[in-house]
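Hi,

Here is the structure I promised to pass on. Have a look at it first, and then read on for what turned up when I went through it.

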Amino acid sequence: MIDWDIAVNTGVRLVRPGPQVDLADARQAVAQLRDLSVTAQGHVREFTGMQPLEPAGPAVIVDRPGWIKANVDGFRVVLEPILDRLAADRLGSGGAAGTLTTAVGSRVTGVQLGAVLSYLAGRVLGQYELFLPPDPDGTAPTGRLTLVAPNIVHAERELDVDPRDFRLWVCLHEETHRTQFTSTPWLRDYVQGQMQEMLLASNMDASAFLDRLRAAGEAVAEVMRGGEGNLISAFQSEEQSEILDRITAVMSLAEGHGDYVMDAVGPEVVPSVAEIRRRFQRRREGANRIDRIIRQLLGFDLKMKQYEEGAAFVRAVVAQVGMAEFNRVWESPETLPTLAEIRDPQSWVSRVVSPPALPGAGAEAPAG
């Protein structure tokens with residue numbers, strides 16, 4: 001259902017080249033990013049109190065084509081088993097015509113995925129890659145921290161900020177993600193399970209698909225008029241919407257936690273963190289109209305909302321109960337906040353964090 005080779009080739013062909021950097025500066029940037037990713041590990045662990053259960057080496061530094069290839073590999077790990085299952089079901093009822101339709105559709109989908117990845121590849125600063133192809137030797141970590149060097153250099157130039165400060169600031173955010181998943185063994189499987197469940201819920205007949213296609217067209221028209229639509233919502237069933245709420249909740253937690261940590265650790269180790277945050281936020285909000293339309297249609301505005309709501313949740317909970325009690329979010333799927341709790345932190349505290357004992361509760365009454 002997706003031609004992965006076409007996705008990679010399309011993405012690499014369409015992606016724009018990075019900024020002009022001479023060889024010495026490029027090498028220095030790569031070396032410094034590796035070093036700072038290791039430095040960030042200590043800061044994140046000390047601040048959060050979280051202890052990874054697997055070794056963490058330096059980040060892997062990639063260019064834009066390298067990021068595209070890595071993400072296609074990750075998509076294959078998560079999606080291919082489910083896509084193969086769905087394709088087998090459809091081929092069983094479609095015969096030769098079904099085979100031809102699937103072959104053509106997989107190429108079209110590959111081009112679409114490649115085009116989206118080419119857009120993202122010029123904007124992503126880094127990520128923790130949750131899903132990697134199996135390691136034949138079984139010795140590699142289950143995930144990988146990746147930093148996109150040309151995008152980081154481009155951003156720091158555009159923002160006109162101190163390069164070392166900005167690079168460490170980015171590393172703090174991305175290292176927080178690695179710490180989240182390497183300290184919480186069940187979290188990776190939970191996210192993968194939710195993604196696969198959402199994909200399985202997408203199987204629809206032709207009539208339902210046409211309804212969704214019309215909804216997608218209406219979403220595009222709404223965005224062009226300045227409205228709030230996006231393609232993600234247009235293609236959701238009611239069941240998928242419920243699953244997406246769970247995915248949104250956990251990703252809001254993860255992204256908000258990353259933003260909270262990078263700014264809270266920052267003042268001590270990144271002297272210009274306040275100026276970086278101010279300029280970075282202004283950059284997020286200052287895209288041109290075409291870029292804003294693309295971002296909204298692809299759901300990136302929803303992702304920005306995840307950062308904001310997730311960070312507000314973390315700030316509120318830590319301020320009320322402290323970091324150790326906040327870390328109960330990582331205990332099990334049951335202690336994760338729901339989307340409603342992300343927006344109402346007190347409801348999560350009331351549900352998960354044991355209230356303090358009342359003074360004198362359980363003590364013997366004084367003799368009278």
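Before anything else, one term: when I say two residues are in contact, I mean that they have heavy atoms within 4.5 Å. Also keep in mind that this is a predicted model.

First, the overall picture. The protein chain has 368 residues, and buried ones make up 46% of them. Its secondary structure comes to 15 helices and three strands. If you take the contacts between residues at least 6 apart in sequence, 79% of them join residues at least 24 apart.

A good place to start is glutamine 127, which sits in strand S2 (residues 126-129). Is glutamine 127 buried or exposed? Its relative accessible area is 19%, and since buried means under 20%, glutamine 127 counts as buried. Setting aside neighbours within four places in sequence, glutamine 127 is in contact with Trp67, Asn71, Arg144, Leu145, Thr146 and Glu174. With asparagine 71 there is a polar contact, side chain to side chain, at 3.1 Å.

Arginine 144 comes up again with alanine 56: the two are 88 residues apart in sequence, but their C-alpha atoms are 8.7 Å apart in space. You will find alanine 56 in the loop between H2 and S1. At a relative accessible area of 23%, alanine 56 is partly exposed. Not counting residues up to four places away in sequence, alanine 56 touches Gln41, Arg45 and Arg178.

That brings us to helix H2 (23-48). H2 has 26 residues and reaches 37 Å from first C-alpha to last, close to the 38 Å expected at 1.5 Å a residue. Its buried residues include Ala29, Leu33, Leu36, Ala40 and Val44, and Gln41, one of the residues that alanine 56 touches, is buried too. Both ends of H2 are worth a look. At the start, a side-chain oxygen of aspartate 22 comes to within 3.2 Å of the backbone nitrogen of alanine 24. Just after the helix, glycine 49 takes a positive phi of about 75 degrees.

H2 also helps to line a pocket, the second largest one, with a volume of about 220 Å³. Which of its 17 lining residues are closest to the centre? They are Ala26, Val62, Asp63, Ala149 and Pro150. The elements giving two or more residues to this lining are H2, strand S1 (60-62), helix H3 (64-121) and helix H4 (149-159). By class, the lining has 13 nonpolar, one polar and three charged residues.

Past H4, look at aspartate 160, in the loop between H4 and helix H5 (163-183). Most residues other than glycine have a negative phi. Aspartate 160, though, has a positive phi, near 55 degrees. Aspartate 160 is exposed, with a relative accessible area of 60%.

Last stop: proline 345, in helix H15 (residues 345-352). Proline 345 is buried, with a relative accessible area of 17%. Which residues does proline 345 touch, not counting those up to four places away in sequence? The answer is Phe313, Ala316 and Val317. Phenylalanine 313 is 32 residues away from proline 345 along the chain, yet their C-alpha atoms are separated by 5.5 Å.

Over to you, and happy browsing!

Definitions and conventions: Residues are numbered from 1 along each chain as its sequence is written. This is a predicted model: local features need pLDDT of at least 70, side-chain atom pairs count only at pLDDT 80 or more; totals for chains, interfaces and linings use all residues. Side-chain values use heavy atoms; hydrogens and water are left out. On a 1 Å grid over the protein atoms alone, a cavity is a set of points where a 1.4 Å probe fits but cannot get out, and a pocket is an open set with protein on both sides within 12 Å along at least five of seven lines; lining residues have an atom within 4 Å of a point. Grid points are joined across faces, edges and corners, and a volume is the space filled by probe spheres set on the points. Helices (H or I, at least four residues) and strands (E, at least two) are DSSP runs, numbered from the N terminus. Ala, Val, Leu, Ile, Met, Phe, Trp, Tyr, Cys and Pro count as nonpolar, Asp, Glu, Lys and Arg as charged, and the others, Gly among them, as polar. Buried means under 20% relative accessible area, exposed over 50%, partly exposed in between (1.4 Å probe, protein chains only). A polar contact is a pair of N or O atoms within 3.5 Å; within protein, one must be able to donate a hydrogen and the other to accept it, and residues adjacent in sequence count only if both atoms are side-chain atoms. The expected span of a helix is 1.5 Å times one less than its number of residues.
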